[in-house]
Structure formats: C-alpha cells, structure tokens
Amino acid sequence: MIKNPMINNPLYFLGIDIGKDTFTASLYHVPTNTHQTFSGQMRSASRKILRWLKQQKVDAAQTIMALEATGVYGERLCYELAASECTLYVLHPTEVRRFMRHPERKSDTDDSRQIAELIAERYRRLTVWTPNLEAVDRIKTLMAERRQLVKMTVQTKNADHAAKFKRNRVKELEDRDRERLDFLKAQKTAVEKQIEQIIESDPIVREAATVLRSTPTVGPLLAACLIVVTNAGLNSFTSRKIGSLVGVAPQPYQSGHMEYRRHSSGHGDPEFRRILHMAARSGANHYGPFREYRRKKLEEGKPAMLIYNNISNRILHLACAVLESKKPFDPNFATNQRGG
C-alpha cells in the first residue's frame, strides 16, 4: 500500500461529505485559504466531481481528496475515484469529529470544508486509501452475513432455552424455534463453504490463506478475518494495528503520576474478537508453547482473561509475520535463529 501520495506540495484539497442521496464537496485552495463548494446527487457522483474540478481548471490527478468513512454510502465513490487515479484518503469519523473547531455547528458545507482542511494538515501522516481485491470484498460481505446468522442463532437458542422453563409451554413455538435453528445452521454452513470457494478462486487470496492456516490455532474463519483486514496481505499492517482495530491491544490508562494496569479497549468487530479468543483458548489447550505460557501465568496469579488476551496478541503477531514473509510457519525458526 502507498504510504504517501505522489504529489509534491499540492495546492488543492477536496473534502467530500457523503450522505445517503447527496454529497457536498469543498475545494480548498491552500495559497489563498479559500473554499469553493459544490453539491450534487450521489448517482454518478465521481463523474460529477471530476467534471466540476475540470470546470474549475483544477487537475484531479494533482488534487488530494478525502471523505469520511460512511460505510456503503461512499464505497462506490471511493472505487470510482481510485479507478480514475485520484489520491484519496478515507478518514475515521472520530478523527474528523476531533478536528472540528465548532462541533456544535453542523452542516454538509461545514463538514466538507473541515474535511478538506483536516487532510491538508495531516495527509503526510496518513495512509492513502486503496481498493480491496474483488475476492476480499466478497469475503467481507459473506463474513458480515455469517455474523448476522450467528447473532440470530444465539437469540433463537436463548429463546428456546427460556421457553422450556415457562409454566405454560407452547409446543408449537418450541418446534418452530428448533426448525429455525436447523435453518440457521444450514445457512451458516453454506456461507462458510462459499467463503472457502472464493478463497480458492483467487491465487493471491489462496496464497495468503495457505500461509495463515500454517500458523498455530489459525483456522479457516480467523484466516478469513485476517484476509479481510489486510486485503490478503497487500495493505500495510502490523499485529499491533490489527490488535487495536479488533480491541485486544493493551491500552494505557495513566493520568499525572498515577498509572494503572493496561487493559483492552473491547471495541472493534465483536465476531472477529470472538473468533480470535476461541483460537487463543484452543491454543492454550492444544499448542505446547501457549499451554506452557498459560500454566506459568496461572501460577503467577494472572487472571485467565488477561492470559487469553495475551495469547490472542501472540497469535496475531505470528500470523502477521508469516503473511508478510509469505512463507509457512516454521516452529523451529526461533531455535534456528538462536543456534545461528
């Protein structure tokens, strides 16, 4: 992934505020500290933006663009601008919110202007957005569908369990719950099978999955999660960055001279975090080094959840290492390095 745009001393920055049906773009000219604003419908937004820049006699290829992450609303625009070889940044909403000088005042025009000024100030420290592989996008969609199926399965199981303790039970309702559970289980199996088929259909994704699955305790689902978050190893990534995104990275908790024990943030994709946690539990039971680590820490009186959290971070570290090297996991690598 490109770390910095290939533009030297850009004069123009375009901030785009995305809505469901409309967008507002603000063109910030650095030398004069002025803005020009343009609005339009989201349909064919990329063509409208590029045409408007041409009318302003501004070279789109020499303009740095940025928009706030808005999920599916701005996804197509991102891909179309990237296809037109535009330099694009996608900003986290929290970062945009922190930069706002007057957060109590909000409008599409103000938001687009502040996005333009934000990227003008910080673009050298941020990462250019690049599109995912088509196969990775499809895996991402299917993993989201699987997450919904898991959620509905848990809800149905809880409802069925509660129904068995009621004084006046409704047998027909319990039968429907069991039918629903069978249906959800079949759907989840079908989604997982489709994910495997997509992985096998793309050589880059297949290679990434192969090296990831060679890592201890990394199964098909965790490998799929890592493929999505790293774009099959094509994006810039580190285990610490992924751990922070998932919510298992230790975060500081300090004020003045007081410093407390670091703890995980708990934010991020809960299903990714659950799959990673189950891999850590499996490793603590079946993989020698992780099992020995858990035994040692339990003897020291460390909490079990802290131990599993640390094992989760170790799994991420190993998985990122093999994905970056594109070589399968070698359990003797560390021993060979010490011996050499």
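This is a short tour of a predicted model, stop by stop, with something to select at each one.

**Stop 1: the whole chain**

Start with everything shown as a cartoon. You should find 13 helices and 7 strands in the protein. Of its 340 residues, 39% are buried. Now think about how the chain folds back on itself: take the contacts between residues at least 6 apart in sequence, and 63% of them join residues at least 24 apart.

**Stop 2: colour by confidence**

Switch the colouring to pLDDT. The average for the protein is 87, and 89% of the residues score at least 70. Where is confidence highest, and where is it lowest? Select residues 203–213 for the high end: this is helix H7, with a mean of 96. For the low end, select residues 333–339, which form helix H13, with a mean of 45.

While you are at that end, pick residues 335–340. The pLDDT there is below 50, and the stretch has 1 contact in the model beyond near neighbours in sequence. Then jump to residues 1–5, where pLDDT stays under 50 as well. For residues 1–5 the model has 22 contacts beyond four places in sequence. A word of caution: where pLDDT is low, the predicted coordinates should not be read in detail.

**Stop 3: H10 against H12**

Next, select residues 270–286 (helix H10) and residues 304–325 (helix H12). Their axes are 8 Å apart, and the helices pack at an angle of about 100°. That angle is why H10 counts as roughly perpendicular to H12.

Turn on side chains to see who does the touching. From H10 come Leu-276, His-277, Ala-279, Ala-280, Arg-281 and Ala-284; from H12 come Met-305, Tyr-308, Ile-311, Ser-312, Ile-315 and Leu-316. Sorted by class, this contact has 9 nonpolar, 2 polar and 1 charged residues.

**Stop 4: H11 against H12**

Keep H12 on screen and add helix H11, residues 288–299. How do these two run relative to each other, parallel or antiparallel? Their axes cross at roughly 150° and come within 10 Å, which makes H11 roughly antiparallel to H12. The crossing is right-handed.

On the H11 side, select Phe-290, Tyr-293, Arg-294, Lys-297 and Leu-298. They meet Ile-307, Tyr-308, Asn-310, Ile-311, Arg-314, Ile-315 and Leu-318 in H12. By class, the H11 and H12 contact has 8 nonpolar, 1 polar and 3 charged residues. Look again at Tyr-308, Ile-311 and Ile-315 of H12: they are also part of the contact with H10.

**Stop 5: two loop residues with positive phi**

Zoom in on Lys-57, in the loop between helix H1 (45–55) and strand S4 (63–68). Its phi is near 60°, a positive value in a residue other than glycine. Is Lys-57 buried or exposed? With a relative accessible area of 78%, Lys-57 is exposed, because the cut-off for that is over 50%.

Now go to Thr-217, in the loop between H7 and helix H8 (220–230). Thr-217 is not a glycine either, yet has a positive phi of about 70°. Its relative accessibility is 25%, so Thr-217 counts as partly exposed.

**Stop 6: Arg-178 and Lys-157**

Finish at Arg-178, in helix H6 (residues 171–201). At 34% relative accessibility, Arg-178 is partly exposed. Select Lys-157 too and check the C-alpha to C-alpha distance: the two residues are 8.4 Å apart in space and 21 residues apart in sequence.

Terms used: Residues are numbered from 1 along each chain as its sequence is written. This is a predicted model: local features need pLDDT of at least 70, side-chain atom pairs count only at pLDDT 80 or more; totals for chains, interfaces and linings use all residues. Side-chain values use heavy atoms; hydrogens and water are left out. Axes are lines fitted to C-alpha atoms, for helices over the stretch in contact, and angles run from 0 to 180 degrees between N-to-C directions. Helices (H or I, at least four residues) and strands (E, at least two) are DSSP runs, numbered from the N terminus. Angles under 35 degrees count as roughly parallel, over 145 as roughly antiparallel, 65 to 115 as roughly perpendicular and the rest as oblique. Contact means heavy atoms within 4.5 Å. Ala, Val, Leu, Ile, Met, Phe, Trp, Tyr, Cys and Pro count as nonpolar, Asp, Glu, Lys and Arg as charged, and the others, Gly among them, as polar. A crossing is left-handed if the near helix is turned anticlockwise from the far one by less than a right angle, and right-handed if clockwise. pLDDT is the predictor's confidence in each residue, from 0 to 100. Buried means under 20% relative accessible area, exposed over 50%, partly exposed in between (1.4 Å probe, protein chains only).
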